[in-house]
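Open your viewer and keep the selection tool ready. This tour goes from one selection to the next and says what to look for at each.

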Amino acid sequence: MTLLITIIVLALIFDYINGFHDAANAIATVVATKVLTPFQAVVWAAFFNFLAYWVFGFGVADTVAKTAHTIDINLIVILAGVIAAICWNLLTWWLGIPSSSSHTLIGGFAGAAVAHAIYMHGFSDYTVVEDGVTITRHWYNIVNWYDPGKPGGLPTGVIIIIAFIFLAPLVGAIASYSISIWLLNAARKSIYPKIFTVALMIVTVWFVSHMMINDIGKPRFESHFWSVAFEPHNIKWLLVGFIVLSISAFCLVFSSLSHHQSEKMLKKMQLLSSAAFSLGHGGNDSQKVMGIIAAAVIVYVNKEGVALEEMPAWLQVALPDGETPGIMPEWIPLACYSAIAAGTLSGGWKIVKTMGSKITKVTSFEGVAAETAGALTLYFTEHLKIPVSTTHTITGSIIGVGLTKRVSAVRWGVTVSLIWAWILTIPISALLAAICYYVLNLFL
């Protein structure tokens, strides 16, 4: 139990570090454009980090918890992974490198799991009993590298997460470039951009209404209307609709505004876009720590050999399995969202400078486009249960708006350095975790 408590505490410390390490993701543009002071910006971002507790489910947490097969590992594996993730996060924060906390955690977990398999079985096959069935595995199969998923569903696994090292910033860049072009055309005194905007509003209303669910399993209120409105799944899609419709409303009047009026309105819209991104940041990154804590509790329960019902209520954790819903005690998400919000309040000024000015010069116009694109990307990937890097996403979004000016507006030297940091994060974290695992085995 002592080791489990240690892991939970360290995981929450990592979540706190994640908050100040990734604070720049949500506040760099509003600070760079002087919409908010640094202190106001971190308070704003921290509030919406915590508010994500009521908006997002546990899909990403489930994916992270299943990075390694919990029946094959022990608590030392998870402890080594968390320690390695903390070390790499602190190092990159100190150097001002906006690396991915998400991939640090995944790399650490996977690296420690592989080290455990080699330590226990060498490079030979081994057998485990899972649900009464004996399964033969290779040493590297301890990690869930690729799972094709259910019929009609999306695949999961570490390979998919690695793929999104490139796909998340690419999607963010395409989205922000598209939003920027939309806004630029909306500034023209032409009827065609307005026709496009009205059509987009109609499609958005249809799409959001299509994504809403009316059959609420555990209604929060007696009123069916309020239960539907405040269902976390529905809140997320209502937010998507609100974001798109807000920008659409601005686009309809953009051409009639003076430069001063449009700049003033864009700065107000930056508050909306940064809040939306902070929600996505909180929902995406907190769930990763929730997944690690859930995996630790499940490993502890497996090793103790007791039934889940016999464990204290606060340790009754179960991952979703097929049609069976998972169990997540309220203290886990509450603690994770609180930790990341507290970390965001601590700021991360070295990375703010890199994100807010070194990649490309950011104005209010570009800040709105980048943050909106980043937020929408995070909402969709969370819906698909894919843990992506908020750092990669917003960096790609900032690059996308820079490309609307000219290719040379993006400082590619800085960008290439960031990409190398992203590529190296998982293998370095995995190596650090493997070393930590072997060291910890000497004492535990």
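## Stop 1: helices α1 and α11

Helices α1 and α11 run roughly antiparallel to each other. Keep in mind that you are looking at a predicted model. Select residues 2-21 for α1: this helix packs against α11 at an angle of about 170°, and the two axes are 10 Å apart. Since angles over 145 degrees count as roughly antiparallel, the label follows directly.

Now show the side chains at the contact. On the α1 side, pick Leu 4, Ile 7, Ile 8, Ala 11, Leu 12, Phe 14, Asp 15 and Asn 18. Their partners in α11 are His 281, Asp 285, Ser 286, Val 289, Ile 293, Ala 296, Val 297 and Tyr 300. Colour this contact by class and you will find 11 nonpolar, three polar and two charged residues.

## Stop 2: helices α3 and α11

Stay with α11 (residues 259-304) and add α3 (residues 38-51) to the selection; here the packing angle is about 45°, with the axes 7 Å apart. That makes α3 and α11 oblique to each other, and the crossing of α3 past α11 is right-handed.

Which residues of α3 meet α11? Select Trp 44, Ala 45, Phe 48, Asn 49 and Leu 51. Facing them from α11 are Leu 271, Ser 274, Ala 275, Ser 278, Leu 279, His 281 and Gly 282. By class, this contact of α3 with α11 holds seven nonpolar, five polar and no charged residues. Notice His 281, which appears in the contact with α3 and also in the contact with α1.

## Stop 3: aromatic rings

Next, display the aromatic side chains. The whole structure contains 20 aromatic pairs. Begin with Phe 207 and Trp 237: their ring centres are 5.6 Å apart and their planes meet at 80°, so this pair is edge-to-face. The pair links distant parts of the chain, with Phe 207 in helix α8 (residues 191-211) and Trp 237 in helix α10 (residues 232-254), 30 residues apart. Switch on a surface to check the setting of each ring. Phe 207 is partly exposed at 27% relative accessible area, while Trp 237 is buried at 1%.

Move on to Tyr 437 and Tyr 438. The ring centres of Tyr 437 and Tyr 438 are 5.6 Å apart and the planes lie at 75°, so this pair is edge-to-face too. Are these two rings buried or exposed? Tyr 437 is buried, with a relative accessible area of 0%, and Tyr 438 is partly exposed at 34%.

Before leaving the rings, select Phe 50, Tyr 53, Trp 54 and Tyr 337, which form one aromatic cluster.

## Stop 4: two single residues

Go to Trp 94, in helix α5 (residues 75-95). Trp 94 is exposed, with 55% relative accessible area. Draw a distance line from its C-alpha atom to that of His 21: the separation is 9.3 Å, although the two residues are 73 apart along the chain.

Finish at Lys 385, in the loop between α14 (364-383) and α15 (390-403). What is the phi of Lys 385? The angle is positive, about 65°, although Lys 385 is not a glycine. With 42% relative accessibility, Lys 385 counts as partly exposed.

Notes
Residues numbered from 1 in each chain as written. Predicted model: local features only at pLDDT ≥ 70, side-chain atom pairs only at ≥ 80, totals over all residues. Heavy atoms only, no water. Helix = DSSP H or I, 4+ residues; strand = E, 2+ residues; numbered from the N terminus. Buried < 20%, exposed > 50% of the residue type's maximum accessible area, 1.4 Å probe, protein only. Phe/Tyr/Trp six-rings, centres within 6.5 Å; stacked < 30°, edge-to-face > 60°. Axes fitted to C-alpha atoms, helices over the stretch in contact; angles between N-to-C directions. Parallel < 35°, antiparallel > 145°, perpendicular 65-115°, else oblique. Left-handed = near helix turned anticlockwise from the far one by under 90°. Contact = heavy atoms within 4.5 Å. Nonpolar A, V, L, I, M, F, W, Y, C, P; charged D, E, K, R; others polar.
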